[in-house]
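Me: Please take me slowly through one pocket, beginning with a residue close to its centre, and then show me some of the contacts and backbone details found elsewhere. I am in my first year, so please explain the words that I will need.

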Amino acid sequence: AALLCVEAAEWQLKWPGAGFFRLAMDCLEFGIVLLLPIDGWKNHYDLTMRIHNICAELAFTTSHHERAQQLTETIIQNAVHFEDKIQALCTRLLVISTTNDLQKITTESLDVFEQLGEPIPRQATHRDVKREYNQTKNIIKSMSTERILRLPKMQDVRKTATLQTFNLAHGSFFMLEPSISSVIVMRAIRLSVKHGLCATSAYMFGIYGWFVCSQGDIEEGTRMGKICLDILKRFELQQWIPRCYAAVYGRIGSYTKGLRAAYDHLTRSQCVASETGDYMGSVSCGFIRCSFLFYSGEPLPIVQSEVERNLRDCPVSVNGIFQQMLNQFPRVVMLLQTKEENPSLECAEQLVGHPLHCAMDEWKSFHMAIIAYLFDNHELALKVFERARVLDSHNILKSAEIALVYLLDGLICMSVFRSTGKGKRRAIRVARSRLKQLKRLAQHNPRFCNGKVALLEAEIASIRGDYQRAYVLYIAACSMYAGEGMLMEHAISLELCASMCMNDQRKYDVAKDLLKEAVESYRKWGAVGKAQKVEKYMKHDEED
């Protein structure tokens, strides 16, 4: 009878949808009840193990996390061999990940790695990452794409489980200890090359490609992305589409095809994630898509609508780090859309002086710095951004949207010098350093980066007194941003150009026209308060 319950549950699982998942779980729970009187763990060990494992995974999928925790503990206590515990250990890591206790997740993961015979260092420096990367790079560079794809299927149960736990832990380490997350990726790639490919290998090749891109080797990173998709097809891994697409189209593709090119792929990933019950994958793809909409300068109401849709569609019980970051988005958009000309920036002020903990702190600091900069509180913007810059130096994995971070860093330093008259040499040094990084990115993604290059070059020329060259570069930046529909940066470029022209009486009329365009662009973007602030400045200047 218990076996029939398992078969009935597996039949239900062939149909996508949460309703069928719940029906399958009911069948399995009934099967567990039937096994209790006959001491299933002693007399029907394999069947009992099977039914508990499937039920634990379904309990997690349907957000019954407490029940999933109970089932995994039962499996671990009754397992005869370590190999029998592996699936339960992986499920338990998933359950722990919903608590958002990053420290607990990482500690538990490191213990599991040791039990699996693949210990990962509990602390990793940049030198450690570099050493791991060089070892991996030397192996992969010597292998053609065809040779990698011809690797056999992984047969070693422990190695397969190790890659599964690497996948489960990678995201938490990325948020808390980015260096360790990079070491995990390198180890996963070398294990796949040595012992064969499995489902997790596809995703790890995608993340490795993202790492390679962030190190500047865009061509090799793109090759790794293609290998990720080819492995996905070879094993027909429908359920891995969300994670693999997020890595290939959301991360690697952003370096070469721009952010907007990833929209459709990320939308499809979310649909697949919802169908397969991968709610965390859905939230991850949703967060990346919302971020790309924002960084591409799409109108703020569109960004807000997309954020609200993602929050609405996500189960309340999903409490991952991406969910928390997604929850912060409405606050950011609300501040930018405020009708106040001088909104309270208390939320930004609270960040100053607080210790950094994880990538979420970097994300908050960056967005609050944008708000402080736009509302002309440049010194606060610099203080807040300093936090993001410190954490960014430890975060090895970067996506192409880092270009906006580089641009903002240069603009803030320039604006602080203009408002205080101090730090000219530092401002130019920071701007030139960021300009160099932007030019490197622009070689592979000119549409997203060329406007940023022109704008930062214009700022450097302006601060050095070369106003004629600065004007040409400002106008070039405005034209590029207008062509790409990047409303935020288009408005900023117009305002900065107008500000410079205001100092030249001969270009006063030009400055007024530029400010009018800036107001229109800010309004199109949705920053009503900022548009009103610029309009008020125009009226005061005309009266003077």
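Reply: A helix here is a DSSP run of type H or I with at least four residues, and helices are numbered from the N terminus. The model is a predicted one, and with that in mind we can begin with Asp-376, which is found in the loop between α20 and α21 (378-392). At 38% relative accessibility, Asp-376 counts as partly exposed, because that value falls between the limits of 20% for buried and 50% for exposed. Its backbone also deserves attention: most residues other than glycine have a negative phi, yet Asp-376, although not a glycine, has a positive phi of about 65 degrees.

The pocket to which Asp-376 leads us is the second largest, with a volume of about 690 Å³. Its lining has 29 residues, and the closest to the pocket centre are Asp-376, His-378, Glu-495, Leu-496 and Ser-499. By character, the lining residues divide into 14 nonpolar, seven polar and eight charged. Several helices take part, and α20 (359-374), α22 (402-420), α24 (446-463), α25 (467-484), α26 (487-501), α27 (508-525) and α28 (528-543) each supply at least two residues of the lining. Of these, α26 gives the most, with six residues.

Asp-376 has a counterpart in backbone geometry elsewhere in the chain. Glu-236 is not a glycine either, and has a positive phi of about 50 degrees. Glu-236 lies in the loop between α13 and α14, and with a relative accessible area of 69% it is exposed.

That loop leads on to the aromatic rings. A pair of aromatic rings is described by the distance of the centres and the angle of the planes. The structure holds seven aromatic pairs. In one of them, Phe-113 and Phe-166 meet edge-to-face, with 4.9 Å from centre to centre and 80 degrees between the planes. Since Phe-113 belongs to helix α7 (residues 102-115) and Phe-166 to helix α10 (residues 157-176), this pair ties together parts that are 53 residues apart in sequence. Phe-113 is buried, with a relative accessible area of 0%, and Phe-166 is likewise buried, with a relative accessible area of 0%. A second pair, formed by Tyr-203 and Trp-240, has ring centres 6.2 Å apart and planes at 40 degrees, so the pair is tilted. Tyr-203 lies in helix α12 (residues 199-214), whereas Trp-240 lies in the loop between α13 (218-234) and α14 (241-256), so the pair ties together parts that are 37 residues apart in sequence. Both Tyr-203 and Trp-240 are buried. Ring pairs also link Tyr-133, Tyr-208 and Phe-211 into a cluster.

Rings can also have a charged group placed over them. The charged end of Arg-289 sits over the ring of Tyr-263, at 5.3 Å from the ring centre. In another place, the charged end of Lys-507 sits over the ring of Tyr-471, where the distance to the ring centre is 4.1 Å.

The cysteines call for a careful reading of distance. There are zero disulfides in the structure. Cys-228 is in no disulfide, and the nearest cysteine sulfur, that of Cys-244, is 3.7 Å away. A disulfide needs two cysteine sulfur atoms within 2.5 Å, so the 3.7 Å between the sulfur of Cys-244 and that of Cys-228 is too far for a bond. Cys-228 counts as buried at 0% relative accessibility, and Cys-244 counts as buried at 0% relative accessibility as well.

Two further residues show how separation along the chain can be set beside separation in space. Glu-340 has its place in the loop between α18 (321-337) and α19 (346-349), where it is partly exposed, with a relative accessible area of 46%. Along the chain Glu-340 and Lys-530 are 190 residues apart, while their C-alpha atoms are separated by 7.9 Å. Lys-104 has its place in helix α7 and, at 44% relative accessibility, counts as partly exposed. Between Lys-104 and Leu-93 there is a separation of eleven residues in sequence, and in space they are 9.6 Å apart, C-alpha to C-alpha.

Methods
Residues numbered from 1 in each chain as written. Predicted model: local features only at pLDDT ≥ 70, side-chain atom pairs only at ≥ 80, totals over all residues. Heavy atoms only, no water. Phe/Tyr/Trp six-rings, centres within 6.5 Å; stacked < 30°, edge-to-face > 60°. Buried < 20%, exposed > 50% of the residue type's maximum accessible area, 1.4 Å probe, protein only. Lys NZ or Arg CZ within 6 Å of the ring centre and 35° of its normal. 1 Å grid on protein atoms, 1.4 Å probe; cavity = no way out; pocket = protein on both sides within 12 Å on 5 of 7 lines; lining within 4 Å. Points joined across faces, edges and corners; volume = space filled by probe spheres on them. Nonpolar A, V, L, I, M, F, W, Y, C, P; charged D, E, K, R; others polar.
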